Amino acid sequence: MNVIFFGGLSRSGKSAFWPLFSSLEYTDQIQNLAELDWFNTAYLEGKIDQEIYLELVKVKVDLSSWSSYLGRYLNSNTNDRSNFSRLRSEDEYLERVSREDTEQVFLEYQHLTKNNKFIPVFYTDIKLSLEEQKKIGLNVHYIHLLRNPYRMYNEWIKTERVARNRQPSSRMMKPRKQIKDDISVENETADIIIQDHLMWIENETAIKFEDYCLNPEIVMSNIAEKCGVRLLPFENKKIQDANVPRNISAEFDLPLLSSKNLSDDRVMKLNELQNNYLSKIENQGLI
């Protein structure tokens, strides 16, 4: 089964892609399944072995895809950008929720997935090797979103991502893991941003949020090509909902939130990464 894994750190701008992903032919609505990343965390920390890890991923992908096809758990909260009718249509929503859980419908679902006419999409950072994909019968197309390192650091600090993660109770539902307390929140935040940036900046699966803001059709065409699907024309209301194209000139004068708890070497590294990153953004943020 063909699936798309759309990765990227929190605050990298993934939600801006929700409206236009409906223009990728045969793709399902994006599903945000934290469990996939939790399984990966447990595997990398040695809490589960590879066989269990892959089986958990396979079962979660299969169950979620089938449930989505049946219209189960579709987001109907009108306040959310991921509301199904907002991203697709009321007619498709009604068609989904009226499907019966029967053998005949399941055979139809299998036929569609086998012929790449129903392609599940998941927000997740897990990366499976070709061997791992083969073991569980998946063919994964990867997209990894990057954003201005200064913006990423500032957003993580303002939203207290690391600080809240260190608390025993918060809205950030997560698996139990060892919390770093030997470095400052600011330094750990910088390390996360720097590590992710260096890991993906030269990877062929990487796309830049700023490029999407400036040239959404070019970026979405690139994604369509990577995923082996056709890009359909954008609906005007979807373009408006995504708020693209947009002017991002402010990104080029963005200051880094200062703190005495952020070490000088990390400040220098973030500055280096940002300068190199922004120098390769087309049109320098002007539209």
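Reader: Let's start with a charged side chain. Is Arg-266 buried or exposed, and what is its relative accessibility?

Author: The model here is a predicted one, so that goes for every value we discuss. The general idea is that a residue counts as buried under 20% relative accessible area. Arg-266 comes out at 17%, and therefore counts as buried. Its side chain meets that of Asp-265 in a salt bridge, with 4.0 Å from N to O.

Reader: How many salt bridges does a search of the whole structure find?

Author: The search turns up 19 of them. A good one to look at is Arg-151 with Glu-155, whose side chains meet at 3.6 Å, N to O. Both sit in helix α8, residues 149-158, and being four residues apart they are separated by about one helical turn.

Reader: And how do I read their surroundings? Are Arg-151 and Glu-155 buried or exposed?

Author: Go by relative accessibility again. Arg-151 has 17%, so it counts as buried. Glu-155 has 9%, so it counts as buried too.

Reader: What does Glu-251 form with Arg-151, and how far apart are the closest N and O atoms?

Author: That's another salt bridge, with the closest N and O atoms 2.6 Å apart. Check where each partner lies: Glu-251 is in the loop between α13 (236-242) and α14 (264-278), while Arg-151 is in helix α8, so the pair ties together parts that are 100 residues apart in sequence. Glu-251 has 8% relative accessibility and so counts as buried. Now follow the shared partners: salt bridges join Arg-11, Arg-151, Glu-155, Lys-158 and Glu-251 into one network.

Reader: On to the sheet. In which order do the five strands come, and is the pairing parallel or antiparallel?

Author: In general, strands of a sheet pair through backbone hydrogen bonds, in either sense. Here the order is β2-β3-β1-β4-β5, the sheet is open and the pairing is parallel. The edges belong to β2 and β5 (206-208); each has a single partner strand, so one side of each is left without a neighbour in the sheet. From one strand to the next, the twist averages 25 degrees.

Reader: Which residues stand opposite each other around β3?

Author: Take its partners one by one. β1 (residues 2-7) pairs with β3 in the parallel sense over three bridges, and Phe-5 stands opposite Phe-122. On β2 (residues 27-32), four bridges make the join to β3, again parallel, with Thr-27 opposite Ile-119.

Reader: Why is strand β3 described as largely enclosed by the rest of the structure?

Author: Count its buried residues: it's five of the five in 119-123, and that is why β3 is largely enclosed. Then look at the faces separately. Ile-119, Val-121 and Tyr-123 are buried on one side, and Pro-120 and Phe-122 are buried on the other, so to speak covering both faces.

Reader: What about β4 and β5: how many bridges join them, and which helix lies across the two?

Author: Three bridges join β4 (residues 139-146) to β5, and the two run parallel. To find the register, look for His-144, which stands opposite Ala-206 in β5. The helix lying across both strands is α10, residues 185-200, and it runs at about 125 degrees to β4.

Notes
Residues numbered from 1 in each chain as written. Predicted model: local features only at pLDDT ≥ 70, side-chain atom pairs only at ≥ 80, totals over all residues. Heavy atoms only, no water. Buried < 20%, exposed > 50% of the residue type's maximum accessible area, 1.4 Å probe, protein only. Pairing = 2+ DSSP bridges. Axes fitted to C-alpha atoms, helices over the stretch in contact; angles between N-to-C directions. Contact = heavy atoms within 4.5 Å.
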